[in-house]
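Colleague: Before I use these labels at the bench, I would like to see how each one is justified.
Modeller: Then ask about them one at a time.

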Amino acid sequence: MIEKLEGLLKKYEELTEKISDPEVIAKQEEWRALAKEHASLEEIVNCYKDYKSVIREIEDAKELLKNEKDKDKEMEEFLKSEIDRLEEREKELKEKLRIMLLPKDPNDEKDVIMEIRAGAGGEEAALFAADLYRMYTRYAERQGWKVELMSTSPTELGGFKEVVFEIIGKGAYSKLKYESGVHRVQRIPVTEAGGRIHTSTATVAVLPEAEEVDVEINPQDIRIDVFRSSGHGGQSVNTTDSAVRITHFPTGIVVTCQDERSQLKNREKAMKILRAKLLEMKKQEQDQKIAESRRSQVGTGDRSERIRTYNFPQGRVTDHRIGLTLHKLESILDGELDEIIESLIAEEQARKLAQSSE
């Protein structure tokens, strides 16, 4: 571990020199790439420097203790307690460094495209899909991220058959990737006169946003159709053919965008969704090749996996992957997801650490 950290420290110092070099600064594209790499190493390098500093303090305190032994009891006790404190700090920093050295998901820093689809349960499932959309919107606001609606298929009662939206913010994918899967709700539907509890579902997909360099789309592989947007209940949203449907022949993926009044904007959004879906397919193919490590993951990306239940009568939310139950349904649906997401991240890190020490 120390060898790896020394290598990163050396790399960081070299990059510090390079980004201060006037010749490199003049080449803006090269400088930006180096500055980004420099920034990505800063946290682990600072943590390693703290670790080295604590090790030195422990050595100095132990040396002083040797000299004070049987001379000054008060000083001896103080040094012993100081060594205990420093050794505890050393353990904390060492564990933090081990986590920082774990292989990172290359998509972690990306923005995300989220799709929420109503599952089993008819209109109640569509209303639940709208609840989930609001939950993620509120969570994004709490994180200081931006939300942009991309495509919707609303229902008469204010639910969604499907809603697609983008969340733009540093590290969005690193936190939201654990939300992919089947979400289940247990409650008395507004449409149920008898007052019986129903179970409905909605499916969430979290896709890292793909740049054009990540996914190459051959223009001959797609067909772009334009048509007139239709709104709630079928009425016309506008009088021009602004809605866009893109069909990708090799995969059969079809993406439709009609929320914008501009055909160009709808086309841009549809292409963005298509790229994200193709990147996700690519990622899933890679995951299947390393199925053994995938089985050890907490659960990130499998849309058929039931991951969470929202039980209204008992006011509880249960994440089935880690057996976490919280009796704070209202605050979670209002976007207070930190406790769940941090628990999922901690579980994933613990598993990776266990694997790395085997």
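**Labels and their grounds**

Modeller: To start, Glu 59 is found in helix α3, which covers residues 28-68. The model is predicted.

Colleague: What makes Glu 57, Glu 59, Asp 60 and Glu 63 a negative surface patch?
Modeller: Asp and Glu count as negative, and a patch takes residues with over 30% relative accessible area and no salt bridge, like charges being joined within 9 Å. Glu 57, Glu 59, Asp 60 and Glu 63 form such a patch, and its sign is negative.

Colleague: How do you know that Arg 89 forms a salt bridge with Glu 92?
Modeller: The limit is 4 Å between a side-chain nitrogen of Lys or Arg and a carboxyl oxygen of Asp or Glu. In Arg 89 and Glu 92 the closest N and O atoms are 3.6 Å apart, so the pair qualifies under the limit of 4 Å. A search of the whole structure finds 29 salt bridges.

Colleague: Where do Arg 89 and Glu 92 lie?
Modeller: Both are in helix α4 (residues 73-100), 3 residues apart, which is about one turn of the helix.

Colleague: How do you know that β1 and β3 pair?
Modeller: Pairing needs at least two bridges between two strands. Strand β1 (residues 112-118) and strand β3 (residues 160-168) have 6 bridges, in the antiparallel sense, so they count as paired. Val 112 stands opposite Ile 167 in β3, and the bridge partner of Met 114 is Phe 165, also in β3.

Colleague: What supports the pairing of β2 and β3?
Modeller: Their antiparallel pairing runs over 8 bridges, and the requirement is at least two. Ser 153 stands opposite Glu 162 in β3. The hairpin of β2 and β3 has 5 residues between the strands, and there Gly 158 takes a positive phi near 95°.

Colleague: Why are β2 and β11 called edge strands?
Modeller: The open sheet has 8 strands in the order β2-β3-β1-β5-β4-β9-β10-β11, with mixed pairing. β2 (146-154) and β11 (324-326) each have a single partner strand, so one side of each is left without a neighbour in the sheet. From one strand to the next, the twist averages 15°.

Colleague: What makes β6 and β8 edges in the sheet of 3 strands?
Modeller: That open sheet has the order β6-β7-β8 and antiparallel pairing. β6 (222-227) and β8 (253-257) each have a single partner strand, so each has one side without a neighbour in the sheet. Strand β7 (residues 243-248) pairs with β8 over 5 bridges, and Val 244 stands opposite Cys 257 in β8.

Terms used
Residues numbered from 1 in each chain as written. Predicted model: local features only at pLDDT ≥ 70, side-chain atom pairs only at ≥ 80, totals over all residues. Heavy atoms only, no water. Patch = residues over 30% accessible without salt bridge, like charges linked within 9 Å, V, L, I, M, F, W, Y side chains within 5 Å. Areas by Shrake-Rupley, 256 points an atom, 1.4 Å probe, with all protein chains shown as cover. Charge placed at Lys NZ, Arg CZ, Asp CG, Glu CD. Helix = DSSP H or I, 4+ residues; strand = E, 2+ residues; numbered from the N terminus. Axes fitted to C-alpha atoms, helices over the stretch in contact; angles between N-to-C directions.
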